[in-house]
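Colleague: Could you take me through one part of this model slowly, as you would for someone in their first year? I would like a close look at the salt bridges and where their partners sit.

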Amino acid sequence: MLIGCFWFYVYNLSRSHQMGDPVNDVDPVEEYENENSVGISLVEAISDNDKDTAQNSQAPNTVSTEGPSTEVQTVAYERKKRKRTSDVWKDFVEVDSNGVKQPQCKWCKTIFKASRSSSTTTLRRHLLTCLPYMGSKKKQKILAVESKEADGAFTVSNFTYDRNRVRELASHMILYHEYPFSLMEHVVFNRFMSANTPYWEKMSRAAAKKECMRTYENERTKLRALLKHVNKVHITTDMWTSCQKLSYMVVTCHFIDSDWHLQRRVLNFCNVSPPHTGLLIADALEKCFQSWGIENKISSITVDNASSNDVAIRILKDDFRLKKTLSVSGQLFHVRCCAHITNLLVQYGLGEIRDIVDCVRDGIKYLVASESRLKQFSEIAKQLQLPSKKLILDVPTRWNSTYLMLDAAIQFKEVFPRYGDRDRCFEWVPTVEEWGQVENVCQLLAIFNEVTNIVSGSDYPTANLFLSEVWRMKDILGKKSRDENEYMKSMVRKMSAKFDKYWGECNLLMSIAAVLDPRFKMVLIQFCFPLIYHEPEAAKNIDHVSAVLLELYNEYVHEYNSTLEAQREQDNARMNVSGSSSSVGTGRSMQSGQSLFKSFVRSVDTVQPSKSELDNYLEESIYICEESSDASFDAFEWWKTNSLKFRTLSKLARDILATPITTVSSESTFSAGGRVIDPHRASLKTETV
């Protein structure tokens, strides 16, 4: 989807009809005026005290004659409006234009000059050339044949050319495929459309832009209406610099709708002027929240580990704490991007073997710079009967691409020295010992790469899936810290330090989300924490997770009971009103047996059971899936099915499981932004973007 207004579909419903100058087509006819059609009427005398008021309200066509105590006004009688009998007025409507009523075509919105003789010749002549009117005439229908792929059946129905619908679908095409506005002016495209239908009208790029802005507002209104029925929302945000050297900030909203479907919507894609301080970022986010009416619904904000983001989150956290809208004192409010943490700790660890990585990278960069070098390199690989893989050049800022580069280069470690013998300029040949170090490092990074693929998956995994994978990183770091090679120990030591620095905040949210997965519950916490932490610290963290979960559950119980109490008061008031209206002559109000029973049920429902929903949920055995269906298990569907059994806990699960642990959704918006704001479309204004 296009960024900004390009994230919403756009269309203009009307365009002025270009059929010459309708004003000049009207035949001027002198209007007959009867000068003797003016009558005089007497008006009752007005007292001196009310004389000023009468003068202010005097009609413009009256003539006053003032005396000592009386006033006479002359009023012009209006001619009775002639009844229209022409059927042409079925397709025209009168509109006010500068105080003058003029006919307007209902189909193309063209306005004509009013005829003094009430002639309709010009209007009839216009209908003969009005394409929207001709396409909608009931007697000029076309049969449309539609096929259903499922059963191969065909349906035949009447087809009416809808100009507005065609324009709307054209805007969908522009936005979905990220086409420029000028596509609508391309010669071949218009020939193609004209060959499909004779009713096609060419659109200008300015008209396409107006259509986009109009539909953006329509989609914005729909999203605002959807967010009104959402209890909690989760935010991800990130910054990006385009080829225009302009900085943009994207704000993405995550929530679960009434059907328990995970939704993701881009709320804002706006230009942010430098400097990008924490205060400026917090102000931009606050304005975005207020414009969408969700300032009291923010549950968490996921950002990367930039220092300015830490300042912005701290400012927003203090503001929300004053409003008392944060759950568990804001312990789950600030979420650090798990993918960004993984990138930081791996890049930090790769610094120990940077010389080897640079040697492999420079060698591959030398080979891919020339087609003849790559061809010669491939011939050597074929002679050695090596697998038909290709060399990969990494992006230094992305560690997973570095891992893929090293993993592919290992397959050709026998080719590098042989190619060096043929090309004297090729000097990037790692030794056997260095290749061994690369293999050991790749074994470590393979676990991190697998976890990153799950964390940053395009299917948008929910928060309950992270802990079961992330703890593997900590476990492998603990095992590799006892490696016999000193370079591995040093590398793992640095990675562990970074991991422990950010593990505290991420652990709490991921742990609670894992507990709310019926396949894991507290069993996963009790299994993985002793593997991650030492014995005293593991028990302490397990108790901390249990305490925060209980506190969070009690907040939802209090909110649920308050809502129930308010609903009971409304029902009682409604029953009192209905009872008073059906009172008998004795003055006593009569209530039906069913209404009395419902009142009893509501009073009983407010009494807390001996065991809470949370206790019952945790005491039940974990949900065991079949191995074939475990990968496709949907936690949202399970909670939807059991929402009646766990009324309050299901609301808690709905909000927690929707929390994004990464900013991948926001970064994917920048991928679309890079395609939209390319060097050929760098003149787009920030408002359009």
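Modeller: Happy to! Let's begin with a term: helices here are DSSP runs (H or I) of at least four residues, numbered from the N terminus. Asp 358 and Arg 361 both belong to such a run, helix 10 (residues 354-368), where they are three residues apart, about one turn of the helix. Please keep in mind that this is a predicted model.

These two residues form a salt bridge, and their closest N and O atoms are 2.8 Å apart. Is each partner buried or exposed? Asp 358 counts as partly exposed, at 27% relative accessibility, whereas Arg 361 is buried, with a relative accessible area of 12%. Asp 394 joins in as well: salt bridges that share partners link Asp 358, Arg 361 and Asp 394 into one network.

The structure holds 21 salt bridges, so let's visit two others. Arg 163 pairs with Glu 201, with 3.6 Å between the closest N and O atoms. Arg 163 lies in helix 4 (residues 163-176) and Glu 201 in the loop between helix 5 (187-196) and helix 6 (205-227), so this pair ties together parts that are 38 residues apart in sequence. Arg 163 is buried at 11% relative accessible area, and Glu 201 is buried at 17%.

Next, Arg 336 bridges to Asp 310, the closest N and O atoms being 3.3 Å apart. Here a strand meets a helix: Arg 336 is in strand 11 (residues 334-336) and Asp 310 in helix 8 (residues 307-323), so parts 26 residues apart in sequence are tied together. Arg 336 counts as buried, at 12% relative accessibility.

Technical notes:
Residues numbered from 1 in each chain as written. Predicted model: local features only at pLDDT ≥ 70, side-chain atom pairs only at ≥ 80, totals over all residues. Heavy atoms only, no water. Salt bridge = Lys/Arg side-chain N within 4 Å of Asp/Glu carboxyl O. Buried < 20%, exposed > 50% of the residue type's maximum accessible area, 1.4 Å probe, protein only.
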